[in-house]
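Ready to look at a protein chain together? Have the sequence and the 3D view open, and we'll take it one question at a time.

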Amino acid sequence: MTLSSPLLLVAGLLVTAALAWAAVVSARRRTAALAAAGVAMAGGRRAYLGAGLTIAGVGVLAIATAGPAAMVPVPRTAGTVILAIDVSNSMGAGDVAPNRLAAAQRAARAFVAAQPDSVDIGVVAFERGALTTARPDADHSVALKAIDRLRLTGGTSLGAAITAGLSAITGKQVAVGRDGETPDIGYWPSATIVMFSDGQNQGGDVERAAEVAQRAGVHIHTVGVGTTAGATVQVDGYHLQTSLEEEPLTVIAQTTGGAYHPASDAARLDGIADTIHLRLTVSDEPLPLAGGLIGLALVLLTAGAALTVLRSGRVI
């Protein structure tokens, strides 16, 4: 238990002790006076029950004024979430209306809106390279603005998306070595990456990057944006056929302990926030006890006053 004002507790207990001492002295004097007059005191110790309850009420009230609080474990959704959004040219395909990128942006905004303030959210835009457009922040408006700024460009590198997400989580550059060497970035069990992509990977060591995330305890949920039938997209004057590739997205999710979420239409994308469940963390939070103690004090004071009135006709 913690106290916000220990000095108030000391002062209150001193007042309570003074009242108790005064009550004992008064009772002894009264008993002695009655004995000297040859009168037996009616009720014995029960005659002082009202005063005792009143003093006990004052003591409890003194504890309440000190602001006591108990630390209790509270499970809650907390941690860091990085939204990694594919901005490659293939995300301009219209098999998910109005196009894949616009649909992913709408789903990402809905996901951000569904998260509590205890979750820090960052945004990474990726194509052949990746760029952190918003660092993790409890101010979710920063993430929303970063999502709105996304524009189509370049190819796709799922490996770069993972390492950029891990860089945003750790606050330092994370990269897989040219020889496939994977770095040790520590353990980040409260961090999650949510990746929106059509899965068309054109570079980067996806498996090694996923292994780095897995060892760090970072779950990656992948959201497949597009359809397996695909659509034609125009890039630099050329018409290219593009379709959703689910296998790499599934491998990433399975490797890191996340889940793959197919979203072949806008309606499924809009509900993606309800299908991705972040991990719960348990933290100790203060539970104020003053209210309950004040209630107990009022009960004791009322009972003490009632007994005193019934016995003597006086409140004190």
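Here are some short questions and answers about this chain.

User: Before we start, what kind of model is this, and how are residues numbered?
Analyst: Residues are numbered from 1 along each chain as its sequence is written, and side-chain values use heavy atoms, with hydrogens and water left out. Local features need pLDDT of at least 70, side-chain atom pairs count only at pLDDT 80 or more, totals for chains, interfaces and linings use all residues, and the model is predicted.

User: Which helix is Thr16 found in?
Analyst: Helices here are DSSP runs of H or I with at least four residues, strands are runs of E with at least two, and both are numbered from the N terminus. Thr16 sits in the one covering residues 6–36, helix H1.

User: Does Thr16 count as buried or exposed?
Analyst: Buried means under 20% relative accessible area, exposed means over 50%, and partly exposed is in between (1.4 Å probe, protein chains only). Thr16 has 12% relative accessibility, so Thr16 counts as buried.

User: Which residues does Thr16 touch, not counting those up to four places away in sequence?
Analyst: A contact means heavy atoms within 4.5 Å. With that sequence limit, the list for Thr16 is Ile55, Val58, Gly59 and Ala62.

User: How far apart in space are Ala20 and Gly59, C-alpha to C-alpha?
Analyst: Ala20 lies in helix H1 too, and its relative accessible area of 30% makes it partly exposed. Along the sequence, Ala20 and Gly59 are 39 residues apart. In space, C-alpha to C-alpha, the distance between Ala20 and Gly59 is 9.9 Å.

User: What percentage of the chain's residues count as buried?
Analyst: The chain has ten helices and eleven strands. Of its 316 residues, the share that counts as buried is 39%.
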